[in-house]
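Here is a short tour of a protein for someone meeting it for the first time. Have a look at the sequence and the 3D view, then read on.

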Amino acid sequence: MPNTALQRIDGSGLRFHLSGKLEHGSSLVLLLHGSGSHGANLLPLATRLAAVLPGALFVLPDAPQSMREILSTVQVAATERERPDMNWEQSRNWVRPSDSAVGDPHAQRQAFLDMIRPPVRGLSRLADLLLAQYALPRSALAIYGFSQGGMMALYLGIDRDPACAGVICHSGQFFGGTEPRSHPRTLLLVGAQELEPSQAMSQIYPIAVNALRGLDIPFEEHVAPGLRHGFNAEVVERIGVFLAAVLPSRETAADA
């Protein structure tokens, strides 16, 4: 049975869930949740992907920041009034808000990179520890992220050296601003309704596309018909197809 209890591993500051076949696995897949969520919310996705990736071990980390820690006192109080059942421990964020000077693009970019580097390092360390624990090569790692997790997936993926097997950014943003250490195969997923002119993603998504092109990252795009900011069966299938294409099979791993 999959072990989905919240775990830690010595040397990593991140808590995580594990799902999948823990013995004789051929690959490791990080599933990164969005802002205000937590790792366990992606367990249904891991379960569905396991049907097409029977040799994969799925790792679902909790982001390091509690939303209570990064919101102001006024924002916390307002949230508790509107949502008295709010579970702050399960409402987490990958980065803290930036304190950069308004109107200074250089300072804003530097502040953004400064805030994203610590969680990228933490995730990379977690991946390395688990790859070593399960005797898997670094090339057996794939990274998926939704929303803010999609942003993390891209920055983490291009920071890995050697390259991981593949990266999926699902409705995430990417601004570039850093020199890639590798150029992993990448899939950009977005809902068609997110790209409507009234939606923020209609501006965010082209920035990500142009940034990846500017860094020579090989990527493909999939726009999901009728979808807003979320999941449907067609998107889950597309995620599985991409991961199956980039990850080693059990037979390939056994021959390595």
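## Cysteines first

The sulfur of Cys164 lies 13 Å from the closest cysteine sulfur, that of Cys169, which is too far for a bond. A disulfide here would be a pair of cysteine sulfur atoms within 2.5 Å, and the structure holds zero of them. Cys164 counts as buried because its relative accessibility is 5%, and Cys169 is buried too, at 3%. Buried means under 20% relative accessible area, exposed over 50%, and partly exposed in between, with a 1.4 Å probe and protein chains only.

A quick word on what you are looking at: this is a predicted model, where local features need pLDDT of at least 70, side-chain atom pairs count only at pLDDT 80 or more, and totals for chains, interfaces and linings use all residues. Residues are numbered from 1 along each chain as its sequence is written, and side-chain values use heavy atoms, with hydrogens and water left out.

## The overall picture

The protein has eight helices and nine strands; these are DSSP runs numbered from the N terminus, helices being H or I of at least four residues and strands E of at least two. With 256 residues, a compact globule would have a radius of gyration near 18 Å, and the protein agrees at 18 Å. That radius is taken over C-alpha atoms, and the globule rule is 2.2 Å times the number of residues to the power 0.38. The C-alpha trace spans about 55 × 40 × 35 Å along its principal axes.

Of the 256 residues, 50% count as buried. Take the contacts (heavy atoms within 4.5 Å) with a separation of 6 or more: residues 24 or more positions apart account for 68% of them.

## Some backbone oddities

Most residues other than glycine have a negative phi, and most peptide bonds are trans. Two residues here have a positive phi without being glycine: Ser147 and Asp216.

| Residue | Phi | Loop between | Relative accessible area |
|---|---|---|---|
| Ser147 | near 60 degrees | strand 6 (141–146) and helix 5 | 19%, buried |
| Asp216 | about 60 degrees | helix 6 (201–214) and strand 9 (219–224) | 61%, exposed |

And where is the cis peptide bond that joins Asp161 to its partner? The partner is Pro162, and omega is about 5 degrees. Pro162 sits in the loop between helix 5 (148–159) and strand 7 (166–170).
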